[in-house]
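Hi,

Here is the structure I said I would pass on. Have a look at it first, and then read my notes underneath.

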Amino acid sequence: MAKSSAKFSVHLDAMRVVAALTVFLMHIKGLFIGPTLTQHMAASANSYEHNELFTSPAHEAVIVFFVLSGFFVGGGVLRGWQKRIWTWKTYAIQRLTRLWIVLIPALLLTLALDTAGLHLFGLSGPYGHPHWESTLTLEIPNNLNAHTFFGCLFFLQKILVQPLGSNGALWTLAYEFWFYVAFPLGMGALTSRFSWPIRVLNAALLIGVGFFVGQTITAYFLLWLIGASLQAIPKKLSPGQVRILAPAGVVLLCAVSVALWALKWDMYLSDLIEACTCAALCYVILHETDEAPHGSAYVSTSRLLSDMSYTLYLAHLPIVLFLCALLASRGILRGFDARHLVIAAGVSVIAFACCYLLYLCFERHSDRVRGVLLSKFGSARKEQPRATEVLS
């Protein structure tokens, strides 16, 4: 099915791109630009809050992912539910195909690079110092095993296992998966089309999922629901209002993201504010239903980078960390000067190119693989017209 060319679709793709690039670049910044390892370890000895030296807006970008995911995936469920064409079988094929076609290669890449990195560089560099960068708070050698691999494969990270090796970004994928499970259960519990026993069963399963995943994932489900609610809110803004509110909303979202990151308020309250601000901007953008200009650089770039954003998000950390360890073994640690900016730029290009190759090999074929599976095992009708899920 052809992708939508409406302006709102392109703008949402652009939001997703900015969020993915923010995570990608902030991780590189944390590993290559800043105090040296010696200075950092000295700071850690003098301050319990040493990790704040290297915090970044990457966390706020993840909240944007959650809201967009709620709109695309949750909105797709709502549309299918309203048309009475939604089924668990088709939904499971769509979601698992989308998730696993990138997750499995990313897990294998993490296992390979981390194992090679530990063998080549040992524990004297990033692989042995969990506080080398704020995202690498994991004990990498202890989380590089079959138990953790299969736990991550079945979305149990931060529930029963830690993220695999150096790939701390995997934590969001477990959140996403269990949001995908919980939302239809909630719909089944609330809808009047089912009998009371079926509704009670759905409610019981939903409560069971909540207890299984824990209170943190359950609490963040609210942020995802904020995105899903955009599908049901009537669109009542005039074109004139949209022209004023859209750029104002972009500025507001950027300002709120930076303020929340800098002020370091209560994390959940900050994330709730971020989600509401993001959803407000999305609501305005959704009014732009006219056709986007064909062939423009903005449209083509947004589409391409959005299409590969899941791969970029899920595969970049083990690549970047391996390069960091390689440079550290040659005495190149983090710093603030122009030399380190050039090094960080070079690493960014190499890591991005590697992720793009992975995208060409795997994520690019998601729709084709999904179509084959749906034709064999799913229903003839699809409830989601476009595979624009974020990923995580």
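Below is what turned up when I went through it.

One thing before the rest: this is a predicted model, so please read everything here as computed from that prediction.

**Overall fold**

The protein is built from helices, with 14 of them and zero strands. Reading from the N terminus, you just go α-α-α-α-α-α-α-α-α-α-α-α-α-α. Of the 392 residues, 53% are buried. I also checked how far along the chain the contacts reach: taking those between residues at least 6 apart in sequence, 82% link residues that are at least 24 apart. As for the surface, about 17600 Å² is exposed, and 70% of that comes from carbon and sulfur atoms.

**The cavity**

How many cavities of 30 Å³ or more does the search give? The count is one, and its volume is about 50 Å³. The residues lining this cavity are I101, V102, P105, A106, T311, A315, L358, F362 and E363. Two elements supply two or more lining residues: helix 4 (88–121) and helix 12 (309–328). Helix 4 contributes the most, with four residues. Sorted by class, the lining has seven nonpolar residues, one polar and one charged. If you want to find the place on screen, try centring on P105 and T311, which are both among the lining residues.

**The cysteines**

You will probably notice C354 and C355 sitting next to each other in the numbering, so here is what I found for that pair. Why is there no bond between the sulfur of C354 and the closest cysteine sulfur, in C355? The two sulfurs are 6.9 Å apart, which is too far for a bond, because a disulfide needs the sulfur atoms within 2.5 Å. Going the other way gives the matching result: for C355 the closest cysteine sulfur is the one in C354, again at 6.9 Å and too far. The disulfide count for the model is zero.

Are these two cysteines buried or exposed? C354 is partly exposed, at 31% relative accessible area, whereas C355 is buried, with a value of 0%.

That covers what I have for now. Send me a note once you have had a look.

Cheers

How values were computed: Residues numbered from 1 in each chain as written. Predicted model: local features only at pLDDT ≥ 70, side-chain atom pairs only at ≥ 80, totals over all residues. Heavy atoms only, no water. Buried < 20%, exposed > 50% of the residue type's maximum accessible area, 1.4 Å probe, protein only. Contact = heavy atoms within 4.5 Å. Areas by Shrake-Rupley, 256 points an atom, 1.4 Å probe, with all protein chains shown as cover. 1 Å grid on protein atoms, 1.4 Å probe; cavity = no way out; pocket = protein on both sides within 12 Å on 5 of 7 lines; lining within 4 Å. Points joined across faces, edges and corners; volume = space filled by probe spheres on them. Nonpolar A, V, L, I, M, F, W, Y, C, P; charged D, E, K, R; others polar.
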